[in-house]
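Here is a small set of exercises for anyone who likes to reason from coordinates. Keep a viewer open, try each task yourself, and then compare your steps with the worked solution.

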Amino acid sequence: MSAATGSGSCRFAHYFVVCGVDTDTGLEPDDGAGAGFEQSPVRRSFKSKVLVHYPENTGKNPFNKDAVNMLCMPRGLSFRTQADERHPQFHSFTIAFDDGTRSYGFVHTFYEEVTSPPIITAMQTLCKMHHVEHHSSASASSSSSSSASSPSSSSMDSLMSSLDESDIESLAGASGCLGCVGSFDSSRDTLYVSKALCLITPLPFLQASRQFLAQLHQSVTSQTAPPLPLESYIHNILYEVPLPPPGKSLKFHGVQGPIVCQRPGPEELPLGEYPLGEAFSLLGVENMVKLLTCALLETQVLLYSQDYQRLMTVAEGITTLLFPFQWQHIYLPIISTPLHHLLEAPVPFLMGIHRRDGAQRSSLHLPHEANLCFVDIDNHRVEAPEDLPLFPDQTELIQELSEVLLQFGLSPQGGSMITKLSSSTSPTASPRLSSLVLEDLMEDRRNGNLGGEELAVLERLQALARKCGGEQTSEGRRAMEMEEEDEEMKASKMNVQLREVFAVRFAAIFSKYEDFVIHSAVDLDSWLSNREGAFSFDKGSFLSLQPATHLHFLSRFLETSMFSSFVDGKVISRWADREPQQQLFDRRLERERLYDTGEEDPRPCSCKKGLLLSESVRAVEHRLQKADHTAIHPHLLDMRIGQGRHHPGYFPKLQADVLTQQQNTNKWSSRVTASRRSDPKRSSFTDPSGGDGDTRQKHAFIRKPLHQLKLLDMSPQAVTQTHREFVNGLLSECRVKTKRMLMERMGKESVELCQGEANITGLQENTLIHGLCDLLERTWGHCLQIKQGKSALWSHLLYYEAALRKTEAPAESAGSHCSEQRTLDDGTLVPKASLTQDMRFIQTMNEGLSEVGQARAWIHLALEKKMLSQHLKELLTNQELLRQLYKPHAFLLCEEEREQFLFHLLSLNTVDYLCFTRVFTSICIPYRVVIIPMKKLSIAMATVNPWVCVSGELGDSGIRQFPKNTQEIYFQCKNLGRLSTLQLGQENSGLLAKCLIDCVMVYNEITGHTYKFPCGRWLGKGVGDGSLERVLIGQLLSPGVEDDSGRWTGTPPELPSPSQSVRTVLSSLGSRTRMLSVEVQEELREAANNLVKHFHKPEQERGNLTVLLCGEGGLVLSLEKFLLHGLKSNRLFQRNVFVWDFVEKAVISMETADQMGDLHRSTIIKDPPCDLLCHYVNAINASSRNIGKEGKFQLFVCLGIRDRLLSHWFPLLAECSLTVRTYEEGALLRDRAAVLSLSRILHTLNDFTVTLETALVKGVDL
């Protein structure tokens, strides 16, 4: 390894590259550049080549000739004549390596006069052929014109050889008509071709590289030779200019003057020289915040502009503002036309494509638009995906950013053009516009394009310029240099301030993130082996502490790869060094804690921010004003005699032997290189990323980045391999996502079954489902070539439906749909929804959904019905349609991977989701209600006129009357959400207006959900408790295994109906008297504990309160057991024993004793709780509702809990004189300790606000 290669990591630049036309191979049409043969040859693009690059290679970053050539000249070679504008252009690019590091390329493109006769001849021949074709097509038919298309041979040598002498003579006659725009005649015109000078650096030294290349070009165009051969300056920057140490600045010398570059210190934000002010001015503050939000949520970001440097400015600006997080996916700010197949990548990406003149956004074929952020930089527009959450405190953030921009004289609205930083002009161009004009005129004179009068004017201008002299020129140049230095200082300060705004925001949001990192492994190897199934961050606990307005954004951000990589870096920091950006962020957080006084005062935060900002600004200002180090001056090299001669206007052919390796002619250079290699304390300086190689490799292994260099390979084999990796990546992502959804949902269900603690919120569940929708859209968009609308999945569904209509007759289709039914246990037939039926329902939803919204609604519905895998499998059965819609290497055409994908989705059938019901709350849903009587007494239903009122999370259906002599009713109403209660009643009319109800079944005809409301009691006067109306508590039945649906057995059902248990209690009163008091008290404590846990959960995590109050194991049933314990025989009552009978008798006894004035301890009776007890019981009895004795006791308990009175009422009932006569001596109600314990338990519930369902308290105004 040479010395140059060994010290490459500490050098300012890795490579110097020249790209242009290869005179040996001639002109090769660049078919991938997008320029058609209908254009003039002068306007077409031709293939460029890397002419030279120095050094040949470096150890860590080998030179990729094809990638560099494509990024240096993404449009290929461009030709111009003296009549065209030929301003120099500047742009930059970046290349990402597999270890996560990047190299930056800076390109100065200019036009050089063509001196190669073969190239000139070839261009003239092409122009003449184009002219003949153009004129012949105007008079000939379209068929004859198409047969005379321009040649597309790979070389002009083959083109010339294909023409015989007669052809050339016929073309020569067309030369007289070539005066149109874009024509070329060698006898009259001068031909120019683009050439690119490129400097590749390990760090984004934008300003310094730009100045160096511009000065290099100026020396070429200048009439005066530079002080030294150009090889000296190129050798100097490649081998003798080191990277500035962190926190220091370095001055080195270009051809025409000194250049200063600087590097932030360890406590400052990483180097970022791309002007954020320009990005904000191009798009506006609101659009930039929207774009940053899309990047943080890892949507697909596509930049679109005519200017390559604008693409890089916006892309680098966004990735710079992500600190402390890093973009983990495809990052190609500039892709040429041959790489447009990467737009089919089914992964998040940040890419930029060039807009050709006159091109519109509609002309782009974009397979992925459902989750695409399209940024039209030139038109200052950002089209974000649907349902994009707001950045936390977005309004305040926009205001703060606007103030920074106004401070520097920029408009926050966007759309303003920054001429200073435009890539069309060089920052170190000639300082006077008049000088530029004069140089152009002189060049036209040399080319013979000026007549006599113009020559006379030119001579007078030259004389005037000589008279004004060089002093003014030098003064103007000096003034311009000072102005440029001021602009650079201003841009650097603005960058610091804008970046600090976001850095402070992230520090505030994630100030305590370390408290939620889960360290579950004992060593790095065990963590790596179990990483996929382990949780490294407690997302639920972290979100529970965040403001509600931030949750929508943060819940999605915590699922991104960049956040996972950030947390993984924290986990492995126990065994390896942290990444530099994470180290800096953690140090900033530690510094913040030193200022944290614990007071909720916004002023300390502003003081901390101001201190950090002022320190960073002062450091940048100091480094730019005074260089800390000076590099070796360029010097003469050991060059052969005759080399390095100056030819004005032409970039010289460089002497290769002096540039291929470092010449250790300078003692200081070799000493610095040796010290950097030998001193371990300075090893951090040798790695621009700031970390050692082993640690970086470990972090890179965790991130598993795409091989981005392979993405730039345009060969068919490489393209096929790239898409193969995409296919494997989609399958792996599906496996991980479905596993995560299963684990989180099962945790949720264990909470609902009182088997664990909460670890997921409803918002997190929605986030995971949103991620699944995004995955399906990206999967269906992979290599899609025909699409309707923005949604790839919905487009496929529409095509499938259209194909189905063509292949099936309407009658057959209707018959098949009618036959698709399933039979429930009760013999009821329910239509089984098909894929197309679900589609039609989504289309009829009055929600104003876009194609993307309709696709997401369809996914939500299929997931809730446990039909997602089956529906998608049916969709993919039409192989002919698949081959029409997709390219051969699409994921959906990979049979094995597709089957595995569907299998992973099938696993989601093991859990229950209500994602459609709870998201689309305003739609109308058809419901079917069936009353199931006891089989032996089913005939009694013919004499009853029942009605129902179904209630759910989102409201109730209102009273729905059953038609006479029917047990079934069908109605449509607004989505009720998850059903909870059902009011069942009858009008008490008819000869035998009573019936024994087994249960009531309610079917959601859209989602297929079945709810069972057990009853098991009589409905009618004179039987049971005489109730004409009952409030039933429902349970969602989980579907079982079906023959062909692909469903799995669902999760365990919810708690059984309390009514069924109460019926059992009342039918076996004797056994209840022998019930152990310990069991009763334990059940009571458990019921109260469930209520306490319910209210301590975040609101979005809470379950159904009615079930906890009135369901099996609920508070009502537990209190009923308490009152039934030790109850004597029914000699005090005429019929079955109901606890409400005791409550009524107790109240009557209290009121009677109070009136007589002989009640024991009358002072207690006169207290307000006693009066309220009597008032509530009398109001319940006076209600117009015929809810029976069980319903009255249930209402009694619910009202007492709601109004915080229940803890006072039970001691009153215990002290009533009736209690001694009614209960045995060992009854709980006669046990003072038990009553006191009950009162304390009920008193703990007074801290919560209980809101009862309308169905429970209807008809009682208390």
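The exercises below concern a predicted model.

**Exercise 1. Getting an overview**

Find how many helices and strands the protein has, and what share of its residues is buried.

Solution. Start with the secondary structure: the protein has 47 helices and 26 strands. Next, turn to burial: of the 1262 residues, 55% are buried. Finally, look at the contacts between residues at least 6 apart in sequence: 76% of them join residues at least 24 apart.

**Exercise 2. Testing for disulfides**

Work out how many disulfides the model has, taking Cys1110 and Cys1216 as test cases.

Solution. Recall the cut-off first: the two cysteine sulfur atoms must lie within 2.5 Å. For Cys1110, the closest cysteine sulfur belongs to Cys1198 at 3.9 Å, so the distance is too great for a bond. Cys1216 is in no disulfide either, as the nearest cysteine sulfur, in Cys1170, is 8.9 Å away. The count for the model is 0 disulfides. Now add the surroundings: Cys1110 is buried at a relative accessible area of 3%, and Cys1216 is buried at 6%.

**Exercise 3. Checking the length of a helix**

Compare the expected span of helix H43 with the distance between its end C-alpha atoms.

Solution. Helix H43 covers residues 1188–1202, which gives 15 residues. The expected span is 1.5 Å times one less than the number of residues, and for H43 this comes to 21 Å. The end C-alpha atoms are 21 Å apart, in agreement with that value. As for its surroundings, 13 of the 15 residues of H43 are buried, so by the 20% cut-off the helix is mostly covered. Just after H43, Arg1204 has a positive phi of about 60°.

**Exercise 4. Placing a tyrosine**

Which helix holds Tyr1176, and which residues does Tyr1176 touch?

Solution. Tyr1176 belongs to helix H42, residues 1168–1181. With a relative accessible area of 7%, Tyr1176 is buried, since the cut-off is under 20%. Leaving out residues up to four places away in sequence, Tyr1176 touches Leu1199, Asp1203, Leu1205, Trp1209 and Leu1262. For a distance check, take Leu1195: Tyr1176 and Leu1195 are 19 residues apart in sequence, and their C-alpha atoms are 9.9 Å apart.

**Exercise 5. Following strand E24**

Identify the strands that pair with E24 and the sense of each pairing.

Solution. Begin with strand E23 (residues 995–1004): E23 and E24 are antiparallel, with 8 bridges. In this pairing, Ile997 is opposite Arg1017 in E24. The two strands form a hairpin with 5 residues between them, and in the turn Gly1008 has a positive phi of about 80°. Then move to strand E26 (residues 1035–1037), which is joined to E24 by 3 bridges and runs antiparallel to it. Here Lys1012 is opposite Gln1035 in E26. Finish with burial: E24 spans residues 1010–1019, and 8 of its 10 residues are buried.

**Exercise 6. Reading a sheet and an aromatic pair**

Give the order of the strands in the open sheet that contains E7, then classify the ring pair of Phe12 and Phe252.

Solution. The sheet has 3 strands in the order E8-E7-E14, with mixed pairing. Strands E8 (258–262) and E14 (629–630) are its edges, each pairing on one side only. E7 and E14 are parallel and share 2 bridges; the bridge partner of Leu250 is His629 in E14.

Now the rings. The model has 38 aromatic pairs. Among them is Phe12 with Phe252, whose centres are 5.2 Å apart and whose planes make an angle of 50°, a tilted pair. Phe12 lies in the loop between helix H1 (3–6) and strand E1 (15–20), while Phe252 is in strand E7 (residues 249–253), so the pair ties together parts 240 residues apart in sequence. Phe12 is buried at 0% relative accessible area, and Phe252 is buried at 0% too.

**Exercise 7. Charges over rings**

Over which tyrosine rings do Arg86 and Arg102 lie?

Solution. Take Arg86 to start: Arg86 lies over the face of Tyr192, 4.2 Å from the ring centre. Then take Arg102, which lies over the face of Tyr331 at 4.0 Å from the ring centre.

Definitions and conventions
Residues are numbered from 1 along each chain as its sequence is written. This is a predicted model: local features need pLDDT of at least 70, side-chain atom pairs count only at pLDDT 80 or more; totals for chains, interfaces and linings use all residues. Side-chain values use heavy atoms; hydrogens and water are left out. Buried means under 20% relative accessible area, exposed over 50%, partly exposed in between (1.4 Å probe, protein chains only). Helices (H or I, at least four residues) and strands (E, at least two) are DSSP runs, numbered from the N terminus. Two strands pair if DSSP finds at least two bridges between them. Rings of Phe, Tyr and Trp (its six-membered ring) pair if their centres lie within 6.5 Å; planes under 30 degrees apart count as stacked, over 60 as edge-to-face and the rest as tilted. A charge sits over a ring if NZ of Lys or CZ of Arg is within 6 Å of the ring centre and within 35 degrees of the ring normal. Contact means heavy atoms within 4.5 Å.
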